[in-house]
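Student: I am new to this model and would like a close look at one part of it. Could you take me slowly through the stretch around the second and third strands and the loops beside them?

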Amino acid sequence: MKQQKPENLMRASFPSRSVNEGLARSLVASFAALADPTVEELCDIKTAVSEAVTNAIVHGYRDTMGQVYIAAALYPGDRLVITVRDRGCGIADVAKAREPLFTTCSTGERAGLGFAVMEELMDKVKVRSRLGEGTTVVMERALRSRE
């Protein structure tokens, strides 16, 4: 199968500060708006991005600072692909981390639902991770045509 080229592409990076989660939501929402999604689709996308970026900040970098990288691409047929990547500590067991209620946060402040939320709101979620090298989350969503 031939790889499709995106019709439009956006990339950004920012420090792993919690205040930048809102920046990531806004960037992706503005970019996705080019495809004229429904309000519900836009809310779902923003929430999924929030979860992925928060995971990178809270779990990927834990008590250190690093960069969070985000990219969004629009493909023919209004297919949106969002990639969130960190170069943090990585995930020892991706399958376990994707289980609802699993968290690496020992303070009890985190519900462990990030991946479950992403999977509920997006069509596809792929997670790649290597210990000591970081994690990449790729989320896909087909946007409804409003024609």
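Tutor: What follows starts with the chain as a whole and then turns to that stretch.

The model is a predicted one, and its chain holds four helices and five strands, which follow one another from the N terminus in the order β-α-α-β-β-α-α-β-β. Of the 147 residues, 41% count as buried, while the chain exposes about 8400 Å², with carbon and sulfur atoms supplying 50% of that area. If we take the contacts between residues at least 6 apart in sequence, 65% of them join residues at least 24 apart.

Now to the part you asked about. The helix α2 covers residues 39–60 and the strand β2 covers 67–75, and in the loop between these two elements we find Arg62. The phi of Arg62 is near 40°, which is a positive value in a residue other than glycine. Such a value deserves a pause, because most residues other than glycine have a negative phi. With a relative accessible area of 47%, Arg62 is partly exposed, because that value falls between the 20% under which a residue is buried and the 50% over which a residue is exposed.

Further along, the loop between β2 and β3, the latter covering residues 79–86, contains Asp78. Here too the phi is positive in a residue other than glycine, and for Asp78 the value is near 55°. Asp78 has a relative accessibility of 25%, so this residue counts as partly exposed.

The side chains of this stretch also bring charges over rings. Arg79 lies over the face of Tyr75, at 4.4 Å from the ring centre, and residue 79 is where the range given for β3 begins, while residue 75 ends the range given for β2. In a second case, Arg85 lies over the face of Tyr69, at 4.3 Å from the ring centre. As for rings paired with one another, the count of aromatic pairs comes to zero.

Two cysteines complete the picture, Cys43 and Cys89. Cys43 has a relative accessibility of 43%, so Cys43 counts as partly exposed, and Cys89, at 26%, likewise counts as partly exposed. A search of the whole structure finds zero disulfides.

Methods:
Residues are numbered from 1 along each chain as its sequence is written. This is a predicted model: local features need pLDDT of at least 70, side-chain atom pairs count only at pLDDT 80 or more; totals for chains, interfaces and linings use all residues. Side-chain values use heavy atoms; hydrogens and water are left out. Buried means under 20% relative accessible area, exposed over 50%, partly exposed in between (1.4 Å probe, protein chains only). Contact means heavy atoms within 4.5 Å. Accessible areas come from the Shrake-Rupley method with a 1.4 Å probe; for residues, only the protein chains shown count as cover. Rings of Phe, Tyr and Trp (its six-membered ring) pair if their centres lie within 6.5 Å; planes under 30 degrees apart count as stacked, over 60 as edge-to-face and the rest as tilted. A charge sits over a ring if NZ of Lys or CZ of Arg is within 6 Å of the ring centre and within 35 degrees of the ring normal. A disulfide is a pair of cysteine sulfur atoms within 2.5 Å.
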